Amino acid sequence: MSTAVSAAQAAPTTNYINAKSGVWSWLSTTDHKRIGMLYLYSTLVFFVFAALLAFLFRLELFAPGVQYFGADIYNRLITLHGISMIFLFIIPGIPAVFGNFFLPILIGAEDVSFPRLNLLSWYCFIVGALLALVSVILGGVDTGWTFYVPYSLRTEQNIFVPMLAAFVLGWSSILTGLNFVTTVHRLRDRRMEWFKMPLFIWALYSTGWVQLLATPVIGITLVMVMLEKFVGVAIFDPARGGDPILYEHLFWIYSHPAVYIMILPAMGIVSEIIPTFSRKTIFGYKFIAYSSIAIAAIGSLVWAHHMFTSGMADMARVIFSFLTFFVAIPSAVKVFNWLATMYRGSVKLEPPMVWTLMFIVLFTIGGLTGLYNGMLSIDIHIHDTSFVVAHFHYTMFGGTVVIFYAALLYWWPKMTGRMYNRKLATTLGGTFFIGFNLTYFPLFMAGIAGMPRRYADYLPRYEIYHKLSTIGSWIMIASLLILLLHLFWSAKKGRKAVDNPWGGATLEWTTATPPVTLNFTGEPDLSRWAYEYPEEVEE
Amino acid sequence: MGMLKDKDHHIVPYSVYINVWLALLVLTVITVAVSYVDMRHVAVLTAVFIATGKSMLVLLYFMHIRFGKPMYMVMILVVLAAYAVFIGLTFFDYGFRA
Amino acid sequence: MSQVSSAAGGHHEHHDPEANKIGMWLFLFTEVLLFGTLFIAYAVYLNWHRWDFMAGSHELDKLMGATNTVILLTSSLTMALSIGALERGKKALSLIMLSGTLLFSFAFLCVKAVEWTHKYHHGIWPDAEHLGVLPYGQQLFFGLYFTMTGLHAAHVIIGAVVILFAMGLVARGKVHQGRVDFLENTGLYWHLVDLVWIFLFPLFYLIH
């Protein structure tokens with residue numbers, strides 16, 4: 001099937017963006033693509049917000065002593081940074097933006113199964129976001145994003161609003177998962193069997209189940225804390241006989257699978273980008289599909305590795321440590337399959353590919369350091385140090401967020417109809433990579449040397465690590481901000497994009513650019529599998 | 001999509017529902033009766049066991065799992081397995097605390 | 001599957017009962033995990049405070065609990081019968097059965113209200129002073145009791161509202177023999193409410 005622009009594609013000048021105009025047409029839309037864009041704007045606002053918070057508290061950490069904020073404000077800054085990044089950016093992130101935009105297109109459908117629920121999920125996001133902002137105005141909280149009891153029960157500050165925010169945001173996530181799982185079951189083109197689906201769909205499907213089954217656990221746990229705090233029922237407070245470790249169990253039963261909600265869709269996108277830019281079929285399609293399910297399943301068995309030093313029974317610590325090693329296996333399978341895909345492929349280092357390769361390096365470092373954390377004897381020493389902070393930034397930031405940007409660079413032309421400056425995007429990838437490693441690698445070393453996390457001040461021996469880290473953070477944040485500004489500039493002023501600039505083989509590249517409201521004019525072209533490549537690429 | 005209902009097409013006779021209801025009532029009586037017997041540690045297990053029996057009746061007949069596509073049964077089993085794992089692993093902690 | 005597409009809308013009117021059924025089941029799974037989490041807390045504390053839990057259970061009124069169980073089971077029956085009736089095109093019978101379900105839900109809430117009032121008068125109420133001097137295990141038992149039966153009652157209320165709404169749709173012919181899935185899915189939700197109580201009843205009222 002040639003990628004030459006067909007008559008049907010050349011025709012429409014009406015696309016999903018200009019089909020209806022006016023702010024209200026966007027705020028009342030049920031078009032999955034518009035909803036994806038709404039999520040894009042809103043999640044990016046909170047990404048920038050949370051990044052600026054990090055900029056601020058890393059300033060505080062530049063030198064020992066407490067120069068700018070004081071320990072109390074510092075604790076509120078890091079708490080808000082965690083809440084915003086996790087609940088307002090990374091968890092919705094890839095599913096709500098790229099899942100919404102592309103899931104129906106990739107399976108040959110016109111929309112998701114429940115378009116109005118889809119819009120509702122975005123409004124839940126907005127309400128949750130506003131509640132988070134209200135909590136800032138009310139002074140914020142210093143509990144850390146984990147809200148551990150009994151401190152959160154006993155403290156005078158307003159934890160109700162941030163907890164309510166997290167609760168409402170949980171509903172946004174549940175609705176997205178419910179929609180995606182149903183859509184994959186019901187709206188696949190009749191010719192697209194399960195094992196013909198693109199791997200991004202497998203990823204979104206697995207993620208949907210995790211969203212459905214794990215999110216209610218944290219939802220009700222936060223409600224229990226609020227009931228105990230405001231109504232006085234006995235559940236977690238030791239003063240009433242409760243066990244704070246029970247709170248930790250219930251909290252992490254969600255919050256660990258949450259990181260798989262973050263990484264699975266990202267890995268799905270990697271499985272799309274690497275074959276496209278290696279011009280080669282993905283190696284081990286079925287393995288990768290099954291590994292998505294396996295990661296979702298096994299990832300739900302390891303939560304208590306966040307609690308090794310909390311006071312659990314030794315039996316639990318051993319079992320959870322053992323299970324934690326297992327979850328690395330399906331992830332490693334993916335990495336090997338991606339590398340095997342590239343081997344003897346015709347690799348093109350376009351920006352999406354450059355950022356994806358960065359992901360492989362950074363996520364591998366993150367994943368391997370996870371094993372250190374999972375080892376009981378080591379974790380005793382590194383728990384609650386900056387080693388852990390570095391680990392999860394390598395995985396969540398170097399992993400999920402880097403792919404968020406890779407996906408943005410991959411699909412920007414299709415979503416906006418415009419191309420950005422590719423040299424700039426690649427260069428910024430390079431500066432970002434340098435800044436990122438400068439920011440976080442020293443934190444591994446500081447952690448091993450004993451630097452605690454969530455501390456506004458530290459002993460002079462840690463100064464060099466923090467100086468490097470803070471400087472790295474400037475380079476990193478600047479790179480991302482410039483990239484975002486450039487992307488949004490290009491959406492208006494960039495060169496018009498062709499339908500398939502990368503030579504991709506999945507269905508979105510056969511649509512108009514940007515797509516029409518109902519995605520396809522005529523039947524979707526399923527003559528070719530998602531991982532077969534045409535000879536030529538449009539330029 | 002007009003006349004065709006969803007996949008469990010055959011209409012369940014009223015008598016099935018009534019019989020299930022009677023069985024549920026009987027099981028409720030048994031549950032209450034059994035609670036008067038001093039079973040110590042088995043008391044809770046017995047209660048849960050009977051409740052599980054009742055819930056299977058509700059799931060299979062009132063909620064039509066018996067008559068619909070197998071997919072729904074599979075989903076329910078997956079969800080229950082996930083839940084069992086959550087409780088089970090939690091008790092690797094609580095069952096072994098000093 | 002036929003799709004009616006509107007020109008510039010993106011909003012297409014196709015009715016997919018199977019999707020609605022899947023969607024409702026997925027939602028029910030979230031409810032299972034929601035109540036399930038509370039049952040985990042129950043299991044943990046039961047394991048720690050077996051005797052106190054049994055003492056707490058002794059305080060609850062078995063008769064009212066059993067009555068409520070029978071009420072809910074019967075309401076499940078009327079719910080199922082109402083769907084059966086509508087599948088057979090018997091709109092009036094369906095509405096009668098739905099009214100029955102509503103009535104039973106109301107009866108359930110009344111019994112609950114009476115129960116809780118009794119408890120209140122005996123000093124067993126969240127944050128009550130009397131409760132605060134009881135052994136830990138009993139405090140936790142009643143903490144979970146009010147949380148779980150309270151949350152369950154909230155779901156009964158929500159269910160009743162949805163049933164009322166469904167009755168309106170049936171009465172107006174929007175939900176009918178050829179398009180019955182809204183009522184079926186309402187029934188699924190109602191049966192879930194029943195299922196939760198099937199476990200709540202023995203675990204709170206009958207362990208001693």
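**Exercise 1. What share of the 208 residues of chain C counts as buried?**

Solution. Counting over the 208 residues of chain C, 51% come out as buried. Keep in mind that we're working with a predicted model here.

Next, see what chain C is built from. It has 7 helices and 0 strands, and from the N terminus on the order reads α-α-α-α-α-α-α. As for its dimensions, the C-alpha atoms of chain C fill a box of roughly 65 × 35 × 25 Å along the principal axes.

Last step: look at contacts in chain C between residues at least 6 apart in sequence. Of these, 74% join residues at least 24 apart.

**Exercise 2. Work out which element of chain C gives the most to the side that touches chain B.**

Solution. Start with the head count: 40 residues of chain C are in contact with 34 residues of chain B.

Now list the helices involved. On the chain C side, at least two residues each come from α1 (17–48), α3 (62–87) and α7 (181–205). Of the elements of chain C, α1(C) gives the most, with 13 residues.

Then sort that side of chain C by class: 24 residues are nonpolar, 9 polar and 7 charged.

**Exercise 3. Do the same for chain A where it meets chain C: which element supplies the largest share of the chain A side?**

Solution. Here 38 residues of chain A are in contact with 31 residues of chain C.

Going through the elements of chain A, you'll find that α7 (160–186), α8 (199–230) and α9 (244–278) give two or more residues to this side. The largest share is from α8(A), with 9 residues.

By class, the side of chain A that touches chain C splits into 21 nonpolar, 11 polar and 6 charged residues.

**Exercise 4. Are α3(A) and α4(A) roughly parallel or roughly antiparallel?**

Solution. First, find the two helices in chain A: α3 covers residues 32–60 and α4 covers residues 70–106. Their axes come within 8 Å and cross at roughly 155°.

Second, compare that angle with the cut-off: over 145 degrees counts as roughly antiparallel. So α3(A) is roughly antiparallel to α4(A).

Third, get the handedness: α3(A) passes α4(A) in a left-handed crossing.

Finally, check what sits in the contact of α3(A) with α4(A). Its residues divide into 24 nonpolar, 7 polar and 2 charged.

Terms used: Residues are numbered from 1 along each chain as its sequence is written. Chains are lettered from A and ligands numbered from 1 in the order in which they are written. This is a predicted model: local features need pLDDT of at least 70, side-chain atom pairs count only at pLDDT 80 or more; totals for chains, interfaces and linings use all residues. Two residues are in contact if their C-beta atoms, placed from the backbone, lie within 7 Å. Helices (H or I, at least four residues) and strands (E, at least two) are DSSP runs, numbered from the N terminus. Ala, Val, Leu, Ile, Met, Phe, Trp, Tyr, Cys and Pro count as nonpolar, Asp, Glu, Lys and Arg as charged, and the others, Gly among them, as polar. A residue is buried if 20 or more other C-beta atoms lie within 10 Å of its own, exposed if 12 or fewer, and partly exposed in between; C-beta atoms are placed from the backbone. Axes are lines fitted to C-alpha atoms, for helices over the stretch in contact, and angles run from 0 to 180 degrees between N-to-C directions. Angles under 35 degrees count as roughly parallel, over 145 as roughly antiparallel, 65 to 115 as roughly perpendicular and the rest as oblique. A crossing is left-handed if the near helix is turned anticlockwise from the far one by less than a right angle, and right-handed if clockwise.
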